[in-house]
Amino acid sequence: MKTLHLQYFAILREQRGLTNESMQTNASTPAQLYEELKCKYQFSLESEQLRAAVNGEFTSMDTSLSDEDEVVYIPPVAGG
Amino acid sequence: MSEESFQLSEEVFIPKEQAKLLCDPAAGGYCAFEGWVRDHNEGRPVKSLEYEAYPELAIKEGSRIIKEAHKKFEVLGANCIHRTGHLQIGEIAVWVGATAKHREEAFAACRYIIDEVKSRVPIWKKEHYEDGNSGWVRCEHCAAHEHSH
């Protein structure tokens, strides 16, 4: 088990009803963790639509997560 | 290149004041782009827009884009500001300014920056429609999902 710190933005923030939380998980990649979250909180976006950021930098959805990592999922962006 | 070449702003800003920061006696051309909040999208009347950013990474990625513009084009200066929060029709959502010796480079850099910012920087836009509904842009399916509850 590791502890991960999540921040939520935009549609994910609304669907989760929170801006951030910490959680215990066995998930070893952002992709695995998202499947867990999607199921638990009924997120409407598919994993393929998201990018992941770990500790403030873009990363692959298949990167290895470590204890105390900060994870953010990035829905399709729409600035401008 | 200044550290604050890409900024997020919760407050209204004045493009003219931003342009002054780019003043350079070596510049022969200044090109700017302003993105405005428009009153419709894909056939739906829009009342207002809400912009949300992941500030830490938005500033990092935005600054990288500006740096790339400096490398690709012979710009003398380039800055970008993106608004966050609730914006009304006609407000400036994003501003890009670039200066160069000649106009070609200023135009090209300005175009490059706005295109990359729109596709790469973690900023999201929620449209509030005239009919009272709302939805996150590029997330149509999820918007429908939201409204079904």
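This briefing covers the interface, salt bridges, pocket, cavity and selected residues of a two-chain structure. The model is predicted. In it, 23 residues of chain A are in contact with 30 residues of chain B. The rule for salt bridges gives a count of 14 over all chains.

**Interface between the chains**

- The size of an interface is often given as the accessible area lost when the parts come together.
- For chain A and chain B, the buried area is about 2300 Å².
- Carbon and sulfur atoms give 57% of that area.
- The contact involves 23 residues on the side of chain A and 30 residues on the side of chain B.
- Four salt bridges are found across the interface of chain A and chain B.

**Salt bridges within chain A**

- Side chains of opposite charge can pair when their charged atoms come close.
- Arg16(A) and Glu21(A) are joined by a salt bridge between their side chains, with an N to O distance of 2.9 Å.
- Glu21(A) has a relative accessibility of 15% and therefore counts as buried, since the cut-off for buried is under 20%.
- A salt bridge also links Lys38(A) to Glu46(A), where the closest N and O atoms are 3.7 Å apart.
- Lys38(A) counts as buried because its relative accessibility is 19%, while Glu46(A) is partly exposed at 38%.

**A salt bridge between the chains**

- Glu57(A) and Lys60(B) form a salt bridge through their side chains, at 3.8 Å from N to O.
- This pair crosses between chains: Glu57(A) belongs to strand E4 (residues 57-59) of chain A, and Lys60(B) belongs to helix H2 (residues 55-72) of chain B.
- Glu57(A) is partly exposed, with 27% relative accessibility.
- Lys60(B) is also partly exposed, with a relative accessible area of 31%.
- Both residues belong to a network of salt bridges that links Glu57(A), Lys60(B), Glu61(B), Arg64(B), Glu68(B), Glu116(B) and Arg120(B).

**The largest pocket**

- The largest pocket holds about 320 Å³ of space.
- It is lined by 20 residues, and those closest to its centre are Gly80(A), Arg38(B), Tyr51(B), Lys118(B) and Lys125(B).
- Several elements of chain B each supply at least two residues of the lining of this pocket: strand E2 (29-36), strand E3 (40-41), strand E4 (44-53), helix H3 (103-120) and strand E8 (123-129).
- Sorted by class, the lining of the largest pocket has ten nonpolar, five polar and five charged residues.

**The largest cavity**

- Searching the whole structure turns up one cavity of 30 Å³ or more.
- The largest cavity contains about 40 Å³ of space.
- Its lining includes Ala10(A), Ile11(A), Pro75(A), Pro76(A) and Ala78(A) from chain A.
- From chain B, the lining includes Trp124(B), Lys125(B), Trp136(B), Val137(B) and Cys139(B).
- Helix H1 (10-16) of chain A and E8 of chain B are the elements that give two or more residues to this lining.
- By class, nine residues lining the largest cavity are nonpolar, none is polar and one is charged.
- Lys125(B) appears in the lining of the largest cavity and is also listed among the residues closest to the centre of the largest pocket.

**Gln7(A) and its surroundings**

- Gln7(A) lies in strand E1 (residues 2-7) of chain A.
- With 29% relative accessibility, Gln7(A) is partly exposed.
- Apart from neighbours within four places in sequence, Gln7(A) is in contact with Thr19(A), Asn20(A), Val71(A), Val72(A), Tyr73(A) and Tyr54(B).
- Gln7(A) and Ala52(A) are 45 residues apart along the chain, and their C-alpha atoms are separated by 11 Å.

**Positive phi angles in chain A**

- Asn55(A) is not a glycine, yet it has a positive phi of about 50°.
- Asn55(A) sits in the loop between strand E3 (51-54) and E4 of chain A, and it is partly exposed, with a relative accessible area of 41%.
- Glu68(A), a residue other than glycine, has a positive phi near 75°.
- Glu68(A) is in the loop between E4 and strand E5 (70-74) of chain A.
- Glu68(A) counts as partly exposed because its relative accessibility is 46%.

Notes: Residues numbered from 1 in each chain as written. Chains lettered and ligands numbered in written order. Predicted model: local features only at pLDDT ≥ 70, side-chain atom pairs only at ≥ 80, totals over all residues. Heavy atoms only, no water. Buried < 20%, exposed > 50% of the residue type's maximum accessible area, 1.4 Å probe, protein only. Helix = DSSP H or I, 4+ residues; strand = E, 2+ residues; numbered from the N terminus. Contact = heavy atoms within 4.5 Å. 1 Å grid on protein atoms, 1.4 Å probe; cavity = no way out; pocket = protein on both sides within 12 Å on 5 of 7 lines; lining within 4 Å. Points joined across faces, edges and corners; volume = space filled by probe spheres on them. Nonpolar A, V, L, I, M, F, W, Y, C, P; charged D, E, K, R; others polar. Buried area = accessible area lost by both parts, 1.4 Å probe.
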